[in-house]
Amino acid sequence: MASERLLVAEDEPALRQVMCDYLSSEGFRTLPAASGEDALRLFAAERPDLLVLDWMLPDLSGLDVALRVRAQGTTPIIMVTARGEEPDIIVGLEIGADDYLVKPVSMRQLAARVRAVLRRATATQQADVLTLGTLRIDFLGQTVSCEGKEIPLTATEFKLLAALARSPGRVFSRLQLMEAALGDYYEGYERTIDSHISHLRRKLEADNIIQTVHGSGYKLMPPGD
């Protein structure tokens, strides 16, 4: 049976109980939260393996919770919300959600999505070498090659590329990339991410690998996609 810990943030008591009971019956350990602040406190204290997160939470929205969690790492997030318009789904995914389910959703489907997201996260975290099209990244050796040619990168450039490559297609804000590269916030440094990205593009000799998402940040698209 599964033993992963799931933080379930849902403000409607009956639905929260149903979700927790079903996921527990599937072998997961559940951590219920009734508000955004509760979710952040539990996340800090328990470091769950995945968050099931409602958008419309009291005191702090699910989007705000997701943004704060994303700033601290890559813990998987599944949004489960009544907000099902396409712009809402796009916003949810772009701020870092790994999946997005629109209520009403069956508990069986929710459990299946949880397993799928956890499998993807585990596979990515355990990969020592990642190949994306012609781009090859060796995380242990901290080396990068493209079309068989090794590309020399600084330590900061490698960390930025590694963060982007572990979640291809996901949009990262400058702040998220800065924290991935430095592990902390440094005043006045955020805009220098643009300079590092420019250097990376030049070294990779392919402008379309790392794409600018205007008003949001950057994402990596594998060569050929």
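How many disulfides does the count come to? Zero, going by the rule that a pair of cysteine sulfur atoms must be within 2.5 Å. The views below all come from a predicted model.

**View 1. Two cysteines, Cys20 and Cys146, and how much of each is accessible.** Cys20 counts as buried because its relative accessible area is 6%, and the cut-off is under 20%. Cys146 is buried too, with a relative accessible area of 13%. As for disulfides, the count stays at zero.

**View 2. Helix H2, residues 36-46, with its buried residues.** Tucked away here are Gly36, Ala39, Leu40 and Phe43, each of them buried. Looking down the axis of H2, these buried residues fall within an arc of 95°, so they line one face of the helix. Some background helps: an α-helix has 3.6 residues a turn, so residues three or four places apart point the same way. Turned away from the buried side of H2 is a face that carries Arg41 and Ala45, both exposed. The cover over the buried residues of H2 includes three strands, E1 (5-9), E2 (29-33) and E3 (50-53), along with helix H3 (62-70). Just after H2 comes Arg47, which takes a positive phi of about 45°.

**View 3. Helix H3, part of what covers H2, with buried residues of its own.** In H3 the buried residues are Gly62, Leu63, Val65, Ala66, Val69 and Arg70. Seen down the axis of H3, they fall within an arc of 160°, so they too line one face of their helix. Note that Arg70, a charged residue by class, is on that buried list.

**View 4. The largest pocket, with about 490 Å³ of space.** Its lining is made up of 20 residues, and the closest to the pocket centre are Asp98, Arg166, Ser167, Pro168 and Arg170. Helices H4 (86-94) and H5 (107-126) are the elements that give two or more residues to this lining. H5 gives the most, with five residues. Sorted by class, the lining of the largest pocket has seven nonpolar, six polar and seven charged residues.

**View 5. Gly169, in the loop between helix H6 (155-166) and helix H7 (174-182).** Is Gly169 buried, partly exposed or exposed? Gly169 counts as partly exposed because its relative accessibility is 35%, between the cut-offs of 20% and 50%. Leaving out residues up to four places away in sequence, Gly169 touches Lys219, Leu220 and Met221. Gly169 and Tyr218 sit 49 residues apart in sequence, yet 9.2 Å apart in space, C-alpha to C-alpha.

Conventions
Residues numbered from 1 in each chain as written. Predicted model: local features only at pLDDT ≥ 70, side-chain atom pairs only at ≥ 80, totals over all residues. Heavy atoms only, no water. Buried < 20%, exposed > 50% of the residue type's maximum accessible area, 1.4 Å probe, protein only. Helix = DSSP H or I, 4+ residues; strand = E, 2+ residues; numbered from the N terminus. Arc of directions from axis to C-beta. Contact = heavy atoms within 4.5 Å. 1 Å grid on protein atoms, 1.4 Å probe; cavity = no way out; pocket = protein on both sides within 12 Å on 5 of 7 lines; lining within 4 Å. Points joined across faces, edges and corners; volume = space filled by probe spheres on them.
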